[in-house]
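Visitor: I should be grateful for a close look at a single part of this model, with the terms explained as they arise.

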Amino acid sequence: MTSLPDWLQGADGAVMPDAPLAPYVWFRVGGAAQWLFMPKTPEDLAQVLRTKPADVPLTVLGVGSNVLVRDGGIRGLVVRLGSGFNGIAVGDDHTLRAGAAVPDAMVAKTAAKAGIAGLEFFCGIPGTVGGACVMNAGCYGAETCDVFVEAEALTPDGQTVRLSPEDMGFSYRRSQAASRGLIFVAATFKGRADTPANIQARMDEISARRAESQPIREKTGGSTFKNPDGHKSWQLIDQAGWRGRGVGGAKFSDLHANFLINTGTATAADLEATGEQARRQVKDQTGVELHWEIKRLGEPMPVSHTVSS
Ligand SMILES: Cc1cc2nc3c(=O)[nH]c(=O)nc-3n(C[C@H](O)[C@H](O)[C@H](O)COP(=O)(O)OP(=O)(O)OC[C@H]3O[C@@H](n4cnc5c(N)ncnc54)[C@H](O)[C@@H]3O)c2cc1C
């Protein structure tokens, strides 16, 4: 059992050593966090970051809809944002500010009620505002960078910073700022005026399209690979014969060939091996390199060696 280090003992919020992470991620697989911390407020989090030794690794989780936690778990501190990061408020000039733990669907719903158009696409993404800032999440022709005004984040040593769209360095399913190890605590988005009824009609359309084309009720992690320039990942995986196929309890979805699924008995190793084997075969057959969109976190299960006498 891992004990709590000094710098975590006075932390405000829930702190759990050796905490299984499977319940916190969509795939429902993976090992434990060495220390899982759920701060109640940004101040609690900043305080812990200021005292945490720099060599202790730091990982942040949203609702785990785009991550694969490996079976050996995650060393160091894993942060999952709690209730103090759930605020949402409509501002002037068709803006909306939301805490990093607010579900994207809640952003879309609140914007629709307030007559703010342009944020409808958020209803199609099952993550949080923090995850959307990191992944530049988007669907059906719109993405986070189109409506982003500003984010507030903490640096790994607990300082507060504000980030403009330029600071974020958004590109396809990526923000360069995230690679500096920032923890997003809130973001402001801006849309334009329309009637709640029109906005709701577009959201209904997005929800219907998703239900038809994505395995939204499965244990999955969203798109496994980014679309390479000029190609669709699902088509490449399909042509390589991986639709509905996989290793152990993992397979690519029959409905959407770029979605990996835990059929109920998969390990994280099964899911990763399925992705890697498909990736290699696509490369061999077409020369096209697939790049993981899913963030793979932590360590594989250590292999046990039996020594024969
Ligand atoms: C059924 C399904 C459908 C999906 N459809 C889409 C889609 O249409 N379009 C799309 O873009 N995505 C889609 N996704 C993927 C996913 O929902 C998005 O990438 C989402 O933005 C991830 O948010 P999250 O809160 O779940 O983040 P997580 O999956 O928990 O984390 C993703 C990354 O962000 C980091 N992170 C999370 N929160 C923070 C924070 N506050 N500060 C710093 N880093 C943080 C994590 O460390 C990790 O690197 C889908 C996923 C599923 C399961």
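Guide: Glutamate 272 and arginine 70 form a salt bridge, their closest N and O atoms lying 2.8 Å apart; the term denotes a side-chain nitrogen of Lys or Arg within 4 Å of a carboxyl oxygen of Asp or Glu. The model is predicted, so local features need pLDDT of at least 70 and side-chain atom pairs count only at pLDDT 80 or more, while totals for chains, interfaces and linings use all residues. Residues are numbered from 1 along each chain as its sequence is written, and side-chain values use heavy atoms, with hydrogens and water left out.

The wider setting is given by the domain assignment, which comprises domain 1 (6–83), domain 2 (85–194) and domain 3 (216–297); such bounds come from an automatic or database assignment. Across the interface of domain 1 and domain 3, the rule finds one salt bridge. The centres of these two domains, taken over C-alpha atoms, are separated by 27 Å. Their contact (heavy atoms within 4.5 Å) draws 14 residues from domain 1 and 21 residues from domain 3.

Between domain 1 and domain 3 the buried area is about 1,500 Å², with 60% given by carbon and sulfur atoms. Buried area here is the accessible area (1.4 Å probe) that two parts lose on being put together, summed over both. On the domain 1 side, the residues that lose the most area to domain 3 are Phe27, Leu68 and Arg70, together 45% of what that side buries. Arg70 is thus named twice: among these three residues, and as the partner of glutamate 272 in the salt bridge.
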